[in-house]
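Trainee: I've got a new model open and I'm not sure how to read it. Could you walk me through it, one feature at a time?

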Amino acid sequence: MAKITIFGQGNMGRAIGGLFSEGDNTVSYLVSDSPHDQLGEIIVLAVPYTAIAHILSDYKDEFKGKIIVDLTNPVDFTTFDELVVPADRSAAGLIAEQVPEADVIKAFNTNFAATLSSKKVANNLKTTVLMAGDSTEAKHKLVNTLKTSGIEMMDAGNLKRARELEAIGFLQISLANSEKISWNGGFGLFK
């Protein structure tokens with residue numbers, strides 16, 4: 001059982017919060033006037049990438065020693081045509097550079113909120129959350145907090161794999177935005 005703090009109360013934040021709640025974790029959503037000392041041991045950034053700089057500026061010191069789960073997809077949402085981070089970088093990697101005393105994990109960015117809530121991709125394949133991070137201990141903690149949530153977790157490797165996860169997320173968002181796939185669908189894994 002862990003204390004989870006989620007920045008963002010949109011579809012993704014609520015869907016992820018529901019998964020953590022099923023594991024008997026304590027989930028709280030941070031709002032702009034919340035005290036800084038109420039952060040949990042796992043912090044989920046369920047906000048647009050453009051909001052990250054402000055959050056890091058306000059909470060950088062409080063993030064020390066925490067597990068930061070970044071699910072942002074740094075997509076240029078005006079064109080849906082490119083990522084806004086350099087091609088050899090990732091949003092998660094840039095966050096990790098700014099909070100070096102935290103363990104940053106890229107996760108949930110290759111999933112849509114509907115597939116997290118239903119725990120199914122296209123109504124028949126179990127939802128798998130890909131994650132990448134440099135701390136094996138932090139990844140185990142994340143997996144353990146979601147053990148009874150009904151989704152699968154898969155370790156995609158070190159944090160440098162976040163770049164590929166963000167590319168997958170970008171492609172999936174682009175396909176859904178152009179109505180080539182459903183927001184209830186997306187990519188799934190067969191083992």
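**Reading the sheet, the cores and the rings**

Mentor: Let's start with one pair of strands: β5 and β8 are antiparallel partners, joined over 3 bridges. Keep in mind that this is a predicted model.

Trainee: What does pairing mean in general?

Mentor: Strands of a sheet pair through backbone hydrogen bonds, and they do so either parallel or antiparallel. Here you can pick out a bridge by its residues: K106 has A132 in β8 as its bridge partner.

Trainee: How do β8 and β9 run, parallel or antiparallel?

Mentor: Parallel, with 4 bridges between β8 and β9. One to look for is L130, whose bridge partner in β9 is M154. Between these strands sits helix α5 (residues 136-145), and β8, α5 and β9 make a right-handed β-α-β unit.

Trainee: Okay, and what is the strand order of the open sheet?

Mentor: The order is β2-β1-β3-β4-β5-β8-β9, which gives 7 strands with mixed pairing. β2 (26-30) and β9 (152-155) are the edge strands, each pairing on one side only. From one strand to the next, the twist averages 25°. Over at the β2 end, β1 (residues 3-7) and β2 run parallel and are joined by 5 bridges. F7 has L30 in β2 as its bridge partner. Remember F7 for later!

Trainee: How do I work out where side chains point?

Mentor: In a regular strand the side chains alternate between the two faces of the sheet. Try that on β8: T128, L130 and A132 point one way, while V129, M131 and G133 point the other way.

Trainee: Are those β8 residues buried or exposed?

Mentor: They are all buried. β8 is mostly covered, with 6 of its 6 residues buried.

Trainee: Which strands does helix α6 lie across?

Mentor: Helix α6 (residues 162-177) lies across β4 (67-70), β5 (103-107) and β8 (128-133), and runs at about 145° to β8. Helix α1 (residues 11-22) lies across β1, β2 and β3 (42-45), at about 160° to β2.

Trainee: Now the inside. Which residues touch the most other members of the largest nonpolar core?

Mentor: That core has 26 residues, and the ones touching the most other members are I16, V44, V69, A107, F108, L116 and L142. The elements giving two or more residues to this core are β1, α1, β3, β4, β5, α4, β8 and α5. α1 gives the most, with 5 residues. For a close-up, take L142: leaving aside neighbours within four places in sequence, L142 is in contact with F20, V69, I105, A107, M131 and M153. There is also a second, separate core of 19 residues, with V47, I52, A92 and L159 among them.

Trainee: What about phi angles? How do I spot an unusual one?

Mentor: Most residues other than glycine have a negative phi. Now look at F108, which has a positive phi near 75° without being a glycine. F108 lies in the loop between β5 and α4 (113-118).

Trainee: Why does F108 count as buried?

Mentor: F108 counts as buried because its relative accessibility is 0%, and the cut-off for buried is under 20%. Compare E179, another residue that is not a glycine, with a positive phi of about 60°. E179 lies in the segment after α6, and E179 is exposed, at a relative accessible area of 72%.

Trainee: Last one: how do I describe two aromatic rings next to each other?

Mentor: You describe a pair of aromatic rings by the distance of the centres and the angle of the planes. The count in this model comes to 4 aromatic pairs. In one of them, the ring centres of F7 and Y59 are 5.1 Å apart with planes at 80°, so this pair is edge-to-face. F7 is in strand β1 and Y59 in helix α2 (residues 52-59), so the pair ties together parts that are 52 residues apart in sequence. Y59 counts as buried, at 5% relative accessibility.

Trainee: Which kind of pair do F7 and F63 make?

Mentor: F7 and F63 make an edge-to-face pair, because their planes are at 85°, with the ring centres 6.1 Å apart. F63 lies in the loop between α2 and β4, so this pair ties F7 in strand β1 to a part that is 56 residues apart in sequence. F7 and F63 are buried. Put it together and F7, Y59 and F63 form one aromatic cluster.

Notes: Residues are numbered from 1 along each chain as its sequence is written. This is a predicted model: local features need pLDDT of at least 70, side-chain atom pairs count only at pLDDT 80 or more; totals for chains, interfaces and linings use all residues. Side-chain values use heavy atoms; hydrogens and water are left out. Two strands pair if DSSP finds at least two bridges between them. Axes are lines fitted to C-alpha atoms, for helices over the stretch in contact, and angles run from 0 to 180 degrees between N-to-C directions. Contact means heavy atoms within 4.5 Å. Buried means under 20% relative accessible area, exposed over 50%, partly exposed in between (1.4 Å probe, protein chains only). A crossover is right-handed if, with the strands pointing away from the viewer, the path from the first strand over the helix to the second runs clockwise. A nonpolar core is a set of buried Ala, Val, Leu, Ile, Met, Phe, Trp, Tyr and Cys residues joined through side-chain atoms within 4.5 Å. Rings of Phe, Tyr and Trp (its six-membered ring) pair if their centres lie within 6.5 Å; planes under 30 degrees apart count as stacked, over 60 as edge-to-face and the rest as tilted.
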